[in-house]
Amino acid sequence: MRFDIVIVGAGLAGASLAAALKGSRYRIALIDSRPPAPAPDGWDSRVYAVSPAAQGFLQEVGAWQHLAAERLTPVYDMAIRGDGDGLLDFSAYDSGADQLAWIVEAGLIQRELREGVKRQGNVTLICPAQPERLEMREDAVLLGLTSGQTLEAGLIVGADGADSWVRAQAGMQADTLLYGEMGVVANFECEKPHRNTAFQWFRADGVLAWLPLPGNRISMVWSTPETHAHELLGLDAPKLCGRVAKAGNDRLGALSLQAPPAAFPLRLTRVPRIVAPRLALIGDAAHAIHPLSGHGINLGFLDARALAGVLQALPEFGDCGDERHLRRYARARAEEVALLQWTTHGLQRLFRPSHPALSLVRNLGLNLTDSLPVLRNMLVRYALG
Ligand SMILES: Cc1cc2nc3c(=O)[nH]c(=O)nc-3n(C[C@H](O)[C@H](O)[C@H](O)COP(=O)(O)OP(=O)(O)OC[C@H]3O[C@@H](n4cnc5c(N)ncnc54)[C@H](O)[C@@H]3O)c2cc1C
């Protein structure tokens, strides 16, 4: 089967790229090895803080406006606490923004994007499908599937996550640092209203974040050493609620568990070259970061937007796999990705349990940032994209 572009991975990055190429001249194959996850009965415990820039992109591709409004939560304030007396507060009002971010369940965006591309005339969704062979030729890419099918295209896009098969098959370098931490996620109902505030505590046992959900609910991401993560996963519901409420200084009163906890390993992956002749990487395949800044998929969405922009701008007979064009995409993304990766990594290092002297420095840093409105507003503006 012949296509212009084959996208491997129909996660948020891959599906949003296909959606962004709607109406273009490209015939696209979007493949994924896993069938779409069924909609959960209640609330998805995996939620994302979607930045205003990423929200704008989802709106452009027609996904945002179809998300159920009652499942979206705007964040108006953010309260960050250090492990000493450090504190840093951001507010959308002070920064002249409508909101700092939107909290959205991962499954909700995923289903909307997949449904959208299913109806898209220029996309063939092949799922589940397992690729087993990649041949990069000068004039085309050949992708062999375990079903016996071979897909031929001018460009292959690896959107297949942090352990990217495409990246490995193409022999592209990736430097991975495992943090030895897991992100434990769970949803809770809380006693007191969260008032659309996102809370984050830099604690001796990791970074605890509470993100507001509709009503009196919150979603927790606790990035913590593996042993502690397993201990949390092993607690029964009342004990977990008690532990999480106490870790957050009982800020929202008593908690009750809404969805069982799950945990994800955390890593930093740097990929020095994200393009090659007839190949481009997007999303976690191109960069994985610690979730403490809540920017992983926001970067992935902006990759998709940048790559779609470059491809759409090509003249009618332009070769979409020509590396000279693909390098424009790589250049457009390099600075933001490097900046966020190193800032997030630096924060993780500064706040991990270590020397007590560092505790003074980091809490002083938070307080200084809080008392310098220009610096604080610059950080907010950056977070808003
Ligand atoms: C605990 C935690 C909390 C997070 N919170 C946030 C947050 O608040 N905000 C934020 O922006 N980011 C957050 N992130 C990061 C975010 O989850 C990732 O950046 C995002 O999921 C990456 O999307 P992706 O589409 O690039 O990759 P993935 O989500 O990994 O999707 C890859 C897709 O490729 C498919 N695939 C894999 N291998 C193959 C193969 N060989 N063949 C075919 N298909 C394949 C998979 O089935 C999958 O569908 C968080 C991460 C963690 C761990």
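The following paragraphs describe the sheets, the helix packing, the salt bridges and some backbone features of a predicted model.

Residues are numbered from 1 along each chain as its sequence is written, and side-chain values use heavy atoms, with hydrogens and water left out. Because the model is predicted, local features need pLDDT of at least 70 and side-chain atom pairs count only at pLDDT 80 or more, whereas totals for chains, interfaces and linings use all residues.

Helices (H or I, at least four residues) and strands (E, at least two) are DSSP runs, numbered from the N terminus, and two strands are taken to pair if DSSP finds at least two bridges between them. One open sheet consists of six strands in the order β8-β2-β1-β12-β19-β18, with mixed pairing. Its edges are formed by β8 (123-126) and β18, each of which has a single partner strand, so that one side of each is left without a neighbour in the sheet. At the β18 edge, the pairing with β19 is antiparallel and comprises two bridges, and within it A276 has L279 of β19 as its bridge partner. Helix α1 lies across β1 (5-8), β2, β8 and β12 (155-158), and runs at about 160° to β2; here axes are lines fitted to C-alpha atoms, for helices over the stretch in contact, and angles run from 0 to 180 degrees between N-to-C directions.

A second open sheet has three strands, ordered β3-β7-β4 and paired in the antiparallel sense. The edge positions are held by β3 and β4 (73-75), each with a single partner strand, so one side of each lacks a neighbour in the sheet. Neighbouring strands of this sheet are turned against each other by 30° on average, with direction ignored. Between β3 and strand β7 (residues 101-105), which run antiparallel, there are four bridges, and V50 stands opposite W102 of β7. Helix α2 (residues 52-60) packs on this sheet, where it touches β3 and β7, and its direction makes about 100° with that of β3.

Strand β5 (residues 77-81) takes part in two further pairings. With strand β6 (residues 87-91) it pairs in the antiparallel sense over five bridges, I80 having L88 in β6 as its bridge partner. With strand β14 (residues 197-203), β5 pairs in the parallel sense, likewise over five bridges, and R81 stands opposite W201 in β14.

Helix α1 (residues 12-20) also packs against α3, at an angle of about 35° and with the axes 9 Å apart. The crossing of α1 and α3 is left-handed (the near helix is turned anticlockwise from the far one by less than a right angle; clockwise would be right-handed). In this contact (heavy atoms within 4.5 Å), L12, A15, S16, A18 and A19 of α1 meet A106, I109, Q110, L113 and V117 of α3. By class, the contact has eight nonpolar, two polar and no charged residues, where Ala, Val, Leu, Ile, Met, Phe, Trp, Tyr, Cys and Pro count as nonpolar, Asp, Glu, Lys and Arg as charged, and the others, Gly among them, as polar.

The model holds 18 salt bridges, each defined as a side-chain nitrogen of Lys or Arg within 4 Å of a carboxyl oxygen of Asp or Glu. One of them joins D32 and R114, with an N to O distance of 3.7 Å. This pair links distant parts of the chain, 82 residues apart, with D32 in the loop between β2 (28-31) and β3 (47-50) and R114 in helix α3 (residues 106-118). Both D32 and R114 are buried, a class that covers relative accessible areas under 20%, whereas exposed means over 50% and partly exposed lies in between (1.4 Å probe, protein chains only). A salt bridge also connects R278 and D319, whose closest N and O atoms are 2.7 Å apart. These residues are 41 apart in the chain, R278 in the loop between β18 (275-276) and β19 (279-281) and D319 in the loop between α7 (296-312) and α8 (323-351). R278 is buried at a relative accessible area of 8%, while D319, at 32%, counts as partly exposed. R203 forms a salt bridge with D205 at 2.8 Å between the closest N and O atoms, and R133, E135 and R137 are linked in a network of salt bridges.

Some backbone features occur in loops. The peptide bond from C127 to P128 is cis, with omega near 0°, and P128 lies in the loop between β8 and β9 (131-136). In the loop between α6 (237-247) and β17 (255-270), which holds N249, phi of N249 is positive, near 55°. N249 is exposed at 55% relative accessibility.
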